[in-house]
Amino acid sequence: MGFRPIPAAISVALALVICFVIPVPEGVTSDAWMLLGMFVGVISAIIGKVMPIGALSILAITLVAVTGVTSETTSGAINDALSSFANPLIWLIGAAIMISRGIIKTGLGERAGYYFIAIWGKKTIGIAYSLAITELILAPVTPSNTARGGGIIHPLVRSIAKTYDSDPEKGTEARMGKFLALVNYHCNPISAAMFVTATAPNPLVVNLVAESTNMDINLSWGTWAIAMLLPGLVAMAIMPLVIYMMYPPEIKETPNSAEFAFERLKEMGPITRNEYIMLGIFTILLLLWAGIPEMIFGAAWAVNATTTAFIGLSLLLITGVLTWEDIITERSAWDTITWFAALVMMATFLNKLGLITWFSNMLETSIGGLGLHWALATGLLLLAYLYAHYMFASTTAHITAMFAAFFTAGVALGAPPMLYALLMAAASNIMMTLTHYATGTSPVVFGSGFTTLGEWWKAGFVMSVVNLVVFVVIGGIWWKILGYW
């Protein structure tokens with residue numbers, strides 16, 4: 001993606017207007033307001049795709065360092081600008097993306113998908129659930145939801161649809177491909193919501209919640225996974241049925257699917273040494289992330305989530321499943337580390353300089369003035385936050401721009417902090433359902449041509465409502481049982 005001058009001009013104009021035209025509000029420092037201007041300009045540039053997000057992040061780091069809005073000294077300013085590169089959450093997601101390369105390189109993810117299709121694929125709805133189970137199993141160690149949904153699952157969908165002559169170019173997409181493509185896509189936000197390491201922005205949510213609560217709430221990998229387990233499984237179980245009712249496939253019986261899957265498995269050959277190693281390391285990662293050794297042997301056996309990721313990555317390098325060449329050419333990982341560090345840094349200093357507190361107080365005052373019960377008031381905030389994603393083409397940009405203020409305001413209005421943190425975390429993934437540009441997986445699946453734009457948006461809105469109800473009702477009850485609120 002090259003430089004886009006018109007969106008760039010709009011972004012610069014927005015930043016300049018905030019910094020130099022709009023008066024600094026009472027209760028806000030000039031440095032905080034200047035940083036807000038730069039932040040809005042960067043988020044606007046990300047939305048407008050002025051440049052690749054990594055390039056924009058380098059510019060953001062440079063602006064913070066040059067303007068000195070965070071420190072009185074130049075050395076302090078550059079230290080602040082680069083401070084988030086030491087954040088363990090950022091390296092957790094970067095290392096996990098590198099690990100996910102092993103899932104793709106060894107073919108383990110593809111093999112798992114064909115196994116499930118062979119077992120449950122006698123009906124089209126069975127194939128749909130096979131895709132959902134595959135997505136769910138891969139999610140904990142595949143923080144690129146695009147790689148998971150678009151790079152692993154979607155090729156399976158296209159192969160199966162082709163086998164049953166369901167082809168958009170022939171006008172036969174309704175035979176099966178439309179249904180499976182929508183299931184393929186809507187698995188993605190649900191699985192992303194279930195694990196910290198299932199999509200890149202989730203650790204950003206963890207970081208923002210921790211900062212907003214002065215570290216009172218620290219969503220560990222295990223805490224997040226346990227909290228999202230029941231509502232996530234319920235949402236995943238319901239989703240294919242909802243899509244089936246909306247867009248029923250013309251072909252409902254698929255007696256040849258097992259034969260098709262076994263043929264593909266035969267082509268892949270026997271399970272390789274590297275697949276066995278990948279499976280073993282996958283298991284080790286899950287055990288450590290879930291805190292199983294600590295539960296059995298005590299606190300001395302606890303392993304930090306980022307340390308766990310580096311253990312897994314090191315084992316993959318030692319065993320030769322991944323090479324250093326694989327690591328240095330895993331562009332998405334290094335890109336994520338760069339933009340993640342820049343956006344976390346800006347969000348952190350907006351909070352430290354008091355801007356988030358000021359904005360959340362405004363939200364609290366405006367909604368609190370309606371005299372609503374905290375559940376209704378925070379419900380309005382949650383809906384506004386989720387459906388604002390129609391205006392965003394990046395979940396990261398959306399979360400960075402809005403999460404902290406909306407979360408802080410909700411807590412101030414009386415929402416139990418842990419309950420609201422989990423609901424906001426779920427909403428940060430549910431919003432991916434909405435549009436054909438909502439996240440990286442969207443254009444991959446939509447671009448295959450199995451659905452029209454209207455069908456996509458209709459399914460997206462319906463699934464956003466279904467998922468939100470599941471996480472509010474089932475999640476709320478589950479979290480009450482767990483003692484989270």
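In the next few minutes I will go through the overall build of this protein chain and then turn to one tryptophan in it. Please keep in mind throughout that what we are looking at is a predicted model.

Let me begin with the chain as a whole. Its secondary structure comes to 23 helices and 0 strands, and along its principal axes the C-alpha trace spans about 70 × 50 × 50 Å. For a chain of 485 residues, a compact globule would be expected to have a radius of gyration near 23 Å, and because this chain has 23 Å, the two agree. Of the contacts with a separation of 6 or more, 78% are made by residues that stand 24 or more positions apart.

Turning to burial and surface, 55% of the 485 residues count as buried, while the chain exposes about 19,500 Å², of which carbon and sulfur atoms supply 68%. As for charge, there are 21 positive and 25 negative charges, and their mean positions lie 10 Å apart.

Now to the single residue I mentioned, tryptophan 358, which sits in helix α18, the stretch covering residues 355–368. Is tryptophan 358 buried or exposed? Its relative accessible area is 19%, and since buried means under 20%, tryptophan 358 counts as buried.

Which residues does it touch, once those up to four places away in sequence are set aside? Tryptophan 358 touches Pro25, Glu26, Val28 and Trp33. Glycine 121, by contrast, is 237 residues from tryptophan 358 along the chain, and the C-alpha atoms of the two are separated by 54 Å.

Note on methods: Residues are numbered from 1 along each chain as its sequence is written. This is a predicted model: local features need pLDDT of at least 70, side-chain atom pairs count only at pLDDT 80 or more; totals for chains, interfaces and linings use all residues. Side-chain values use heavy atoms; hydrogens and water are left out. Helices (H or I, at least four residues) and strands (E, at least two) are DSSP runs, numbered from the N terminus. The radius of gyration is taken over C-alpha atoms; the globule rule is 2.2 Å times the number of residues to the power 0.38. Buried means under 20% relative accessible area, exposed over 50%, partly exposed in between (1.4 Å probe, protein chains only). Contact means heavy atoms within 4.5 Å. Accessible areas come from the Shrake-Rupley method with a 1.4 Å probe; for residues, only the protein chains shown count as cover. Lys and Arg count as positive and Asp and Glu as negative; His and the chain ends are not counted. The place of a charge is taken as NZ of Lys, CZ of Arg, CG of Asp or CD of Glu.
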